[in-house]
Amino acid sequence: MVRVSSLERAMVDMLHNPAYGGGWEEIWRSLDMVEFFDLKMLVSYAIKLGSATTVARLGFYLSQHRERLFVEQGHLEELAAHAPKNACYMDTSRRSGRLVHPWNLIVPEFVLNQGWNEVA
């Protein structure tokens, strides 16, 4: 038996468990190289996982890349309906950050500003 995964499922799985993706910087850099996602499949799989935090992480990513990925308002609204009701941390280390609505996600400044793109 051979198990395979779609690009969409791999994306959501990395957002669900960032350790699989090498951390936030590596995840963002990897996802930024992808030109197209099946957005309906992304939204559907994220909701099926049953994790409001994962839904929020996906919603945050898609809202940051809305224009490039042709994300429609309907995709974001569907995700927002399943986002956490109370604030939750994007990072399991509970690093401080900024609360981003409508995702109720506390996003570390490093991720929010994509600090890895700054020149040292």
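This report walks through a predicted model, from its overall build to a few of its residues.

**Overall build**

Let us start with the fold as a whole. The protein has 7 helices and 3 strands, and along the sequence these follow the pattern α-α-α-α-α-α-β-β-β-α. The radius of gyration is 14 Å, close to the 14 Å that the globule rule gives for 120 residues, so the protein is as compact as a globular protein of that length. Along the principal axes, the C-alpha atoms fill a box of roughly 45 × 35 × 30 Å.

Of the 120 residues, 42% are buried. If you take the contacts between residues at least 6 apart in sequence, 57% of them join residues at least 24 apart. The surface is worth a look too: about 7,200 Å² is exposed, and carbon and sulfur atoms supply 52% of that area. As for charge, there are 12 positive and 14 negative side chains, and the centres of these two sets lie 7 Å apart.

**An aromatic cluster**

Which residues do ring pairs link into a cluster? They are Trp24, Trp28, Phe60 and Tyr61. The structure holds 3 aromatic pairs, and two that involve tryptophan 28 are set out here.

| Pair | Geometry | Centre to centre | Angle between planes |
|---|---|---|---|
| Tryptophan 28 and phenylalanine 60 | tilted | 6.1 Å | 35° |
| Tryptophan 28 and tyrosine 61 | edge-to-face | 5.0 Å | 85° |

Tryptophan 28 lies in helix 2 (residues 24-32) and phenylalanine 60 in helix 4 (residues 52-64), so their pair ties together parts that are 32 residues apart in sequence. Tyrosine 61 also lies in helix 4, so its pair with tryptophan 28 in helix 2 ties together parts that are 33 residues apart. Tryptophan 28 and phenylalanine 60 are both buried, and tyrosine 61 is buried as well.

**Valine 34, a buried loop residue**

Moving on along the chain, valine 34 lies in the loop between helix 2 and helix 3 (39-49). Is this residue buried or exposed? Its relative accessibility is 14%, and because buried means under 20%, valine 34 counts as buried. Setting aside residues up to four places away in sequence, valine 34 touches Leu7, Arg68 and Leu69. From valine 34 to glutamine 64, the C-alpha to C-alpha distance is 14 Å, with their places 30 residues apart in sequence.

**Backbone points to check**

Most residues other than glycine have a negative phi, and most peptide bonds are trans. With that in mind, a few places in this model invite a second look.

The loop between strand 2 (97-100) and strand 3 (105-108) holds proline 102. The peptide bond that leads from histidine 101 to proline 102 is cis, with omega near 5°. Asparagine 104 lies in the loop between strand 2 and strand 3 too, and its phi is positive, about 50°, although it is not a glycine. With 16% relative accessibility, asparagine 104 counts as buried.

Phenylalanine 70 is another non-glycine residue with a positive phi, near 60°. You will find phenylalanine 70 in the loop between helix 5 (66-69) and helix 6 (73-80). Where asparagine 104 counts as buried, phenylalanine 70 is exposed, with a relative accessible area of 63%.

Terms used. Residues numbered from 1 in each chain as written. Predicted model: local features only at pLDDT ≥ 70, side-chain atom pairs only at ≥ 80, totals over all residues. Heavy atoms only, no water. Phe/Tyr/Trp six-rings, centres within 6.5 Å; stacked < 30°, edge-to-face > 60°. Helix = DSSP H or I, 4+ residues; strand = E, 2+ residues; numbered from the N terminus. Buried < 20%, exposed > 50% of the residue type's maximum accessible area, 1.4 Å probe, protein only. Rg over C-alpha atoms; globule rule 2.2 N^0.38 Å. Contact = heavy atoms within 4.5 Å. Areas by Shrake-Rupley, 256 points an atom, 1.4 Å probe, with all protein chains shown as cover. Lys, Arg positive; Asp, Glu negative; His and termini not counted. Charge placed at Lys NZ, Arg CZ, Asp CG, Glu CD.
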